[in-house]
Amino acid sequence: MKLNHKILIIDDNVIDQIVTKQLLKKKLNLQDIHVVNSGKEALQWLQHYKKEKDVFLVILLDIKMPEMDGFEFLDEFDNPHNRISIDDFVIVMLSSSLDPNDKKRAQKNTHVHTLLSKPLQVEELSAVLLATETKS
């Protein structure tokens, strides 16, 4: 089954960006991958995002970032003043340390599908992507 996803990677670590992007390309054959360095850049990108027919947006969101962490991004994502209207999307939070408090906060957020550890395991993400295929 060919996965039809657009990926937005929100991560301030350039090494993690490169590794994640290459992993998605080589292991899952995903090509439509966009990378931003911060939550603020992501909000700007999402304000201009145009939904494509039969394309599901997957946001890979790092928790620990300067300026605006992943949870602050989620708060702003919900702010109606940001003019973000996306129907078919899923947010996967990523963390290099799975702090129990982060896990609880992620589970409480209605937009967060799951919290995965870094480095990203392709099998775990693949399961998330396959689950979204049934939604689109």
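In strand β3, the residue that bridges to Ile 10 is Leu 61. Strands, like helices, are DSSP runs numbered from the N terminus (at least two residues of E for a strand, at least four of H or I for a helix). Ile 10 belongs to strand β1, residues 5–10, and β1 and β3 pair in the parallel sense over six bridges. Two strands count as paired if DSSP finds at least two bridges between them.

A word on what you are looking at: this is a predicted model, where local features need pLDDT of at least 70 and side-chain atom pairs count only at pLDDT 80 or more, while totals for chains, interfaces and linings use all residues. Residues are numbered from 1 along each chain as its sequence is written, and side-chain values use heavy atoms, with hydrogens and water left out.

Strand β1 also has a partner in β2 (residues 33–36): the two run parallel and are joined by four bridges. Here are three bridge partners of β1 residues.

| Residue in β1 | Partner | Strand of partner |
|---|---|---|
| Ile 7 | Ile 33 | β2 |
| Ile 9 | Val 35 | β2 |
| Ile 10 | Leu 61 | β3 |

To get from β1 to β2, the chain passes through helix α1 (residues 14–28), and this β-α-β crossover is right-handed. Right-handed means that, with the strands pointing away from the viewer, the path from the first strand over the helix to the second runs clockwise.

Are the residues of β1 buried or exposed? Six of its six residues are buried, where buried means under 20% relative accessible area, exposed over 50%, and partly exposed in between (1.4 Å probe, protein chains only). Both faces are covered, with His 5, Ile 7 and Ile 9 on one side and Lys 6, Leu 8 and Ile 10 on the other.

Now follow helix α1. Just at its start, a side-chain oxygen of Asn 13 comes to within 2.9 Å of the backbone nitrogen of Ile 15. The helix has 15 residues, which at 1.5 Å a residue should span 21 Å, and its end C-alpha atoms are 20 Å apart, in agreement. That expected span is 1.5 Å times one less than the number of residues. Just after α1, Asn 29 takes a positive phi of about 55°.

Which residues of α1 are buried? They are Gln 17, Thr 20, Leu 23, Leu 24 and Leu 28. These residues cover an arc of only 140° around the axis, which puts them on the same side of α1; the arc is that of the directions from the helix axis to the C-beta atoms. An α-helix has 3.6 residues a turn, so residues three or four places apart point the same way. On the other side of α1, Ile 15 and Lys 26 are exposed. What covers the buried residues includes β1, β2, β3 (56–62) and α5 (122–133).

Elsewhere, Leu 115 sits in strand β5 (residues 112–117) and is buried, with a relative accessible area of 15%. Leu 115 touches residues including Ile 63, Met 93 and Lys 103, where contact means heavy atoms within 4.5 Å.

Technical notes: Polar contact = N/O pair within 3.5 Å; in protein donor to acceptor, adjacent residues only side chain to side chain.
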